[in-house]
Amino acid sequence: MIGNDVWQAAQYLKRGQLVAIPTETVYGLAGNALDGEAVAAIFETKGRPSFNPLIVHIKGVEEIEKYCETMPEPLQVLAKCFMPGPLTLLLNKKSIIPDLVTAGSERVAIRVPNHEMTLQLLSQLNFPLAAPSANPFGYISPTTAQHVQNQLGDKIPYILDGGPCTVGLESTIVGMGENGITVFRKGGLAIEDIEALAGPVFVMEHSVSRPDAPGMLSSHYAPARPLLIGDLSTLVQKFGSHKVAVISLTNRGIVLKDGFVKVLSAKGDLKEAAQNLFGVLRECDELPVQMILAEWMPERGLGRAINDRLRRASVDISNI
Ligand code: TXA
Ligand code: MG
C-alpha cells in the first residue's frame, strides 16, 4: 500500500517488516538494521546477492558514534557539511551492526538522508534502517513511490510516499583509501563540492564485478531495452531506421523518422537532469521501441554521476 503515514510505517518496521522509504536521492527498501531477519528479508525481497552490503540510515550525525568507531579526521569535515545529504561514509563498524549488513566487511556504509518524512520516521524508531535502493536487483533505482509500487508493491506492506526524489541519483560513497579520501561511488553529491572542502580526492572510476569496497557491479541500472551511448547524430544515423527512444540533455535539433525524444533538462542544468534521469529511463523502457540511444553529459558536477549510471545501464557498442 502507498501512503504518507509515518506512524504506520514505523509500526511495520518495529514488527520486523520492510517499508519503502523516500529519501532525497532514491527510494530505499528499509528494514531494522540491527535485526538479522529483517536484513535477510531485504536481500531476499530485492533479489540481491548477499555479498553486496547495505547502507545504514540514521537520523543525525550524532548517532554515528553508536554504530562506528572514531571517524578519520579528513572525513569529519565532510560529515559536518554534507550530513544530512547525499553523502554516504564508509567507517569502521561497531559490533552492534550485524555482519550481514556489511557482507562481512569491517566497514559500514552510513548516511543521514535529507528527507523530512524519513527523518521523522527515524526519530520514532530506536534502531537505524538498512536500505538499498528499492528496485529489484540490477534494475533502475526508483525515484517515486509509484516506481516502487510497480515492482515491489506486492512484496512489501507499505510504501511511504514522500513525493519525487529531489536529487534523483544515489548518494556519493566516500571513505579512506590508500590514496586518502576516496570516492567509491559517484552520486548525488558532486565531487567538486567535496574537493572544495577537502582538497583533491581519489575517484574510483570503474565498476567492479565483485566489490569488496563499495560495491559497484558493472552491469546495473539496466533497462530491458538495449541502451547505446555516444554522439547522438552518429547513433541516429546508424540506428535511426529502427524505432528508437533518444535521451538527450537539451535536445539540440534531433530529427527522428520514427521514435521518441526525451530531454533531461531543456536548460542544460545537470541537477535537473539528474533528478529526471531514472524516471526517463523507466519511461523509455515502457515505450514501444527497439533500443534507447543516449548522449554523454558534460563530465562535471552531477554529469559525472549521470555518465556513470548511463554507462552501467548500457550495452557495449564497440563491436556493433
Ligand atoms: O542514495 C543511496 O545511497 C540509496 C538510498 C536509499 O539511501 N541507497 C543505495 O543503496 O543506493 P544500494 O544498496 O542500492 O547501493 C549501496 C552501495 C552498494 O553498491 C554497496 O555495495 C555499497 O553501497 N556498500 C554498502 N555498504 C558497504 C560497505 N560496508 N562497504 C563497501 N561498500 C558498501
Ligand atoms: Mg541500488
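## A pocket and its lining

In this predicted model, the lining of the second largest pocket splits by class into four nonpolar, three polar and three charged residues. Here is who they are: Asp231, Leu232, Ser233, Val236, Ser248, Arg252, Gly253, Ile254, Val255 and Glu295. Helix α9, residues 232–239, supplies the largest share of that lining, with three residues.

How much space lies in the second largest pocket? The answer is about 190 Å³.

## A helix under cover

Now look at helix α11, which spans residues 303–313. Ten of its eleven residues are buried, so to speak of α11 as mostly covered is fair. Among the buried ones are Gly303, Arg304, Ile306, Asp308 and Leu310.

What do the buried residues of α11 pack against? There are helices, α8 (191–198) and α10 (270–286), and there are strands, β10 (180–185), β11 (202–203), β12 (227–229) and β15 (291–294).

## The sheet

Eleven strands make up an open sheet with mixed pairing. Follow the order and you get β1-β8-β2-β3-β7-β4-β6-β5-β9-β10-β11. Strands β1 (2–3) and β11 sit at the edges with a single partner strand each, so one side of each has no neighbour in the sheet.

Want a close-up of one pairing? Strand β9, residues 172–177, runs antiparallel to β10, and five bridges join them. In one of these, Gly177 has Gly180 in β10 as its bridge partner.

Helix α2 (residues 36–46) packs on the sheet, where it touches β3 (28–32) and β7 (129–130). The direction of α2 makes about 155° with that of β3.

Conventions: Residues numbered from 1 in each chain as written. Chains lettered and ligands numbered in written order. Predicted model: local features only at pLDDT ≥ 70, side-chain atom pairs only at ≥ 80, totals over all residues. Heavy atoms only, no water. 1 Å grid on protein atoms, 1.4 Å probe; cavity = no way out; pocket = protein on both sides within 12 Å on 5 of 7 lines; lining within 4 Å. Points joined across faces, edges and corners; volume = space filled by probe spheres on them. Helix = DSSP H or I, 4+ residues; strand = E, 2+ residues; numbered from the N terminus. Nonpolar A, V, L, I, M, F, W, Y, C, P; charged D, E, K, R; others polar. Buried < 20%, exposed > 50% of the residue type's maximum accessible area, 1.4 Å probe, protein only. Contact = heavy atoms within 4.5 Å. Pairing = 2+ DSSP bridges. Axes fitted to C-alpha atoms, helices over the stretch in contact; angles between N-to-C directions.
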